[in-house]
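Welcome! Let us walk through this structure together, one feature at a time.

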Amino acid sequence: MSDAFTKLFAQMLASGQEMARAFNPALEHFDMRAMEKLVPIMPADMLEMWFGKTFNREGLDAKTRLLLTIGAITVQGALAEPQLRMTIRQALEAGATKREIAETIFQMSMFGGLPAMQKALEIAQSVYAEEDEE
């Protein structure tokens, strides 16, 4: 690898680690080098997923991608509460309205059931309350 590519890859790796820590504070002390030893190509694959073809493709804006993510997490039910809270905050930052978030969650009742929808709406309400307090 060229020096320029090595430097760029190191910057991408640092950005990926920063993003992972923002998603989950428990990852603050996660050492990506240990992961490289376990699965040598995983860090590169993870960076490609986060910053490359998967999430940075043309066709959908950030708000739409986040609303889709809220839908997917809603269907998972109470298993992913921290991830749902984080994604709702990110969607609001990306310009989604509370109504758009609620409609996305309502739509998922057909796929995840009423309990999953109700739990997701409760989580959204608590995120809105937290946002209002700030």
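Three helices, α4 (62–75), α5 (81–93) and α8 (114–133), each supply at least two residues of the lining of the largest cavity. Here helices are DSSP runs of H or I with at least four residues, numbered from the N terminus (strands are runs of E with at least two). The model you see is predicted, so local features need pLDDT of at least 70 and side-chain atom pairs count only at pLDDT 80 or more, while totals for chains, interfaces and linings use all residues. Residues are numbered from 1 along each chain as its sequence is written, and side-chain values use heavy atoms, with hydrogens and water left out.

What is meant by a cavity? On a 1 Å grid over the protein atoms alone, it is a set of points where a 1.4 Å probe fits but cannot get out, and the lining residues have an atom within 4 Å of a point. Grid points are joined across faces, edges and corners, and the volume is the space filled by probe spheres set on the points. A search of the whole structure finds one cavity of 30 Å³ or more, and the volume of the largest cavity is about 40 Å³. Which helix gives the largest share of its lining? That is α8, with four residues. Among the lining residues are Ile-73, Thr-74, Glu-81, Leu-84, Lys-119 and Ile-123.

Two of these names, Glu-81 and Lys-119, come back when we turn to charges: together with Arg-85, Arg-89 and Glu-130 they are linked in a network of salt bridges. A salt bridge here is a side-chain nitrogen of Lys or Arg within 4 Å of a carboxyl oxygen of Asp or Glu, and by this rule the count comes to seven. Within the network, Arg-85 pairs with Glu-130, their closest N and O atoms being 3.6 Å apart. Arg-85 lies in helix α5 and Glu-130 in helix α8, so this pair ties together parts that are 45 residues apart in sequence. Glu-130 is partly exposed, at 30% relative accessibility; the classes are buried under 20% relative accessible area, exposed over 50%, and partly exposed in between (1.4 Å probe, protein chains only).

Now find helix α6 (residues 98–107), where Thr-104 lies. Is Thr-104 buried or exposed? With a relative accessible area of 17%, Thr-104 is buried. Leaving aside residues up to four places away in sequence, Thr-104 touches Leu-67, Ile-70 and Gly-71, where contact means heavy atoms within 4.5 Å.

Helix α6 also takes part in a salt bridge between the side chains of Glu-100 and Lys-63 (3.0 Å, N to O). Since Glu-100 is in α6 and Lys-63 in helix α4, the pair ties together parts that are 37 residues apart in sequence. Both partners are partly exposed, Glu-100 at 27% and Lys-63 at 21%. Another salt bridge joins Arg-99 and Glu-103 (2.9 Å, N to O). These two both lie in α6, four residues apart, about one turn of the helix. Arg-99 is exposed at 59%, whereas Glu-103 is partly exposed at 37%.

Finally, look at the surface, where Val-75, Met-110 and Phe-111 make a nonpolar patch of about 330 Å². Such patches are made of residues with over 30% relative accessible area and no salt bridge, with nonpolar side chains (Val, Leu, Ile, Met, Phe, Trp, Tyr) joined within 5 Å and like charges within 9 Å. Accessible areas come from the Shrake-Rupley method with a 1.4 Å probe, and for residues only the protein chains shown count as cover. Phe-111 is found in helix α7 (residues 109–112) and is exposed, with a relative accessible area of 57%.

Terms used. 1 Å grid on protein atoms, 1.4 Å probe; cavity = no way out; pocket = protein on both sides within 12 Å on 5 of 7 lines; lining within 4 Å.
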